[in-house]
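Biologist: Can you pull up the model so we can go through it together? I have a few questions, in no strict order.
Modeller: Here it is.

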2 protein chains.
Amino acid sequence: MMNDPIIPKATAKRLPIYYRYLKFLLDAGKTRVSSTELSDAVKFDAATIRRDFSYFGALGKRGYGYDVASLLDFFSKILNQDTLTNVALVGLGNLGQALLNFNFHKNSNMRVSAVFDIDSELINTIQAGVPVYDIADLVNQIHDQRIEIAILTVPQANAQEITDKLVQAGIKGILNFTPLRVTVPSNVRVQNVDLTNELQTLIYFIENYADNEIK
Amino acid sequence: MMNDPIIPKATAKRLPIYYRYLKFLLDAGKTRVSSTELSDAVKFDAATIRRDFSYFGALGKRGYGYDVASLLDFFSKILNQDTLTNVALVGLGNLGQALLNFNFHKNSNMRVSAVFDIDSELINTIQAGVPVYDIADLVNQIHDQRIEIAILTVPQANAQEITDKLVQAGIKGILNFTPLRVTVPSNVRVQNVDLTNELQTLIYFIENYADNEIK
DNA sequence: GTAAAATTTAACTATTAGACAAAAATTCGA
DNA sequence: TCGAATTTTTGTCTAATAGTTAAATTTTAC
């Protein structure tokens with residue numbers, strides 16, 4: 001895609017949050033919204049929100065605010081909401097199961113379309129409507145199904161080895177739930193979600209900082 | 001606690017990651033480590049690592065590197081690893097179950113010590129070794145057990161209402177897995193873990209950026 | 001004595017926050 | 001009903017803050 005404006009990464013991370021809230025507003029029958037009102041809901045500074053929006057050109061009217069429908073329409077295009085992205089889930093343990101049932105594609109453009117595991121009890125079954133494959137077939141399946149995104153919820157000990165296979169299969173992005181910081185070539189993106197880390201950081205902040213500033 | 005040096009938040013977020021890797025190194029029998037080596041493992045720039053460490057005063061030796069044991073000892077104190085932090089889990093759905101089984105206290109100083117749900121089948125049972133309480137008793141139990149951290153995995157529709165109760169019970173930090181950006185007083189900290197958002201951001205980055213730069 | 005590696009300082013980049021003019025919408029008086 | 005005054009709210013500019021990376025310096029190990 002490689003779009004026109006290079007927007008800051010910090011802004012990019014806020015886009016899905018804007019999108020989701022705008023959808024909520026539309027469902028609630030609201031036709032317009034101000035940056036202040038948005039700010040209350042999504043907890044970013046109103047000036048930051050206007051700044052973010054202005055990267056995409058003027059989308060609001062002074063004295064009026066933003067038109068919910070057209071703003072939503074705009075974000076919908078930016079976030080490619082019209083195309084469904086298939087995602088592979090690798091590792092069907094506790095967390096994998098939960099993510100599978102969590103069902104991303106409700107209200108979003110993503111869906112887990114293939115699961116991989118080593119458990120022979122699970123292999124070749126359908127779980128939550130999704131086929132489970134032998135992890136030994138990972139490279140072939142991912143390649144054949146043209147899947148570009150994977151969710152990694154395997155034991156830490158196997159994380160790097162399986163990551164290597166994912167890379168080999170041509171994956172472009174990994175949502176990594178293992179605590180291991182896996183090594184990948186620079187054309188592959190890793191987003192780490194480290195639950196123990198999140199909790200420990202939270203505790204650290206509570207014990208060491210007075211005011212409320214986690215960004 | 002309110003410790004001496006006000007370190008940047010970005011640094012604070014890296015501390016648990018350093019800690020975990022240092023523990024791994026110690027277990028592996030390594031006695032010393034350089035910033036470059038650490039950098040390979042945790043994927044932060046070596047200069048950033050040295051900078052981080054230097055906030056706490058000189059911990060390494062020039063020409064030698066850092067002594068694993070003493071560095072670990074130091075981080076262990078900073079992160080309060082000697083005291084066990086009790087955490088409440090609110091909402092025992094798919095994700096809640098997974099987090100409960102995930103068992104934070106293996107290799108860490110945190111443990112889920114109370115679970116809350118509305119399901120009468122679950123209330124007053126023990127799940128994964130942890131008692132499940134009626135969510136109606138949330139305020140009392142959390143207050144009585146002096147729990148200061150909660151993990152929130154309830155349906156979005158109830159998130160604010162339950163957050164209010166948590167605040168009322170005196171909670172200090174919330175790890176929020178719901179997509180709602182909850183409103184809390186400024187003395188309460190919220191750390192949002194938004195899985196749909198993480199995936200969407202990942203997809204956006206892959207489609208719109210060439211190089212590998214998510215921080 | 002040489003090389004390795006931390007520390008320190010500085011430069012640079014990114015991000016956020018604040019302030020305010022301009023534009024649109026709304027209100028209110030006649 | 002019309003239009004001037006007031007309010008709302010954006011968009012943009014500037015300043016401040018935070019964070020990262022690089023370069024120079026110093027210390028220590030071998």
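**Contacts with the DNA**

Modeller: To begin with one contact in this predicted model, a phosphate oxygen of DNA strand D has a polar side-chain atom of Arg14(B) 2.9 Å away.

Biologist: Which elements give two or more residues to the surface near DNA strand D?
Modeller: From chain A they are α3 (46–54), β2 (60–61) and β3 (65–67), and from chain B they are α1 (9–27) and α3 (46–54).

Biologist: And which gives the most there?
Modeller: That is α1(B), with three residues.

Biologist: How many residues surround strand D, and which are the closest?
Modeller: There are 26 around DNA strand D, and the closest are Ser35(A), Arg50(A), Gly60(A), Tyr66(A) and Arg14(B).

Biologist: What does Tyr66(A) do with the phosphate?
Modeller: An N or O atom in the Tyr66(A) side chain sits 2.7 Å from a phosphate oxygen of DNA strand D.

Biologist: What about a base oxygen of strand D?
Modeller: Gly63(A) has a backbone N or O atom 3.2 Å from a base oxygen of that strand.

Biologist: What share of the strand D atoms within 4 Å of the protein is sugar or phosphate?
Modeller: The share is 72%, and the rest belong to bases.

Biologist: How do the residues of that surface divide by class?
Modeller: The surface near DNA strand D has 12 charged residues, seven polar and seven nonpolar.

Biologist: OK, over to strand C. Which residues are closest to it?
Modeller: Arg14(A), Ser35(B), Arg50(B), Arg62(B) and Tyr66(B) are the closest of the 28 residues that surround DNA strand C. Of the atoms of this strand that come within 4 Å of the protein, 70% are sugar and phosphate.

Biologist: Which phosphate contacts can you give me for strand C?
Modeller: Among them, Tyr66(B) has a polar side-chain atom 3.0 Å from a phosphate oxygen of DNA strand C. Thr48(A) also has a polar side-chain atom by a phosphate oxygen of this strand, at 3.4 Å.

Biologist: What does Gly63(B) contact?
Modeller: A polar backbone atom of Gly63(B) lies 3.1 Å from a sugar or linking oxygen of DNA strand C.

Biologist: Which element gives the most to the surface near strand C?
Modeller: α3(A) does, with four residues. Elements that supply at least two residues each are α1 (9–27) and α3 of chain A, together with α3, β2 and β3 of chain B.

Biologist: And the classes there?
Modeller: The surface near DNA strand C has 13 charged, eight nonpolar and seven polar residues.

Biologist: Changing topic: what is the strand order in the chain B sheet?
Modeller: The order is β1-β3-β2, in an open sheet of three strands with antiparallel pairing. β1 (32–33) and β2 (60–61) of chain B are the edge strands, each pairing on one side only.

Biologist: How many bridges join β2(B) and β3 of chain B?
Modeller: Two, in the antiparallel sense, with β3 covering residues 65–67. Gly60(B) stands opposite Tyr66(B) of β3(B).

Biologist: Last thing, the annotations. Where does UniProt put the "DNA-binding region" of chain A?
Modeller: The unreviewed UniProt entry has it at residues 17–56. That stretch of chain A is 70% helix and 5% strand, and its end C-alpha atoms are 16 Å apart.

Biologist: And which residues does UniProt list for "domain: CoA-binding"?
Modeller: Residues 80–181 of chain A, again from an unreviewed entry. The span is 28% helix and 28% strand, with end C-alpha atoms 29 Å apart.

Key. Residues numbered from 1 in each chain as written. Chains lettered and ligands numbered in written order. Predicted model: local features only at pLDDT ≥ 70, side-chain atom pairs only at ≥ 80, totals over all residues. Heavy atoms only, no water. UniProt positions renumbered as here; feature names shortened; annotations may be inferred. Near = heavy atom within 4 Å. Polar contact = N/O pair within 3.5 Å; in protein donor to acceptor, adjacent residues only side chain to side chain. Nonpolar A, V, L, I, M, F, W, Y, C, P; charged D, E, K, R; others polar. Pairing = 2+ DSSP bridges.
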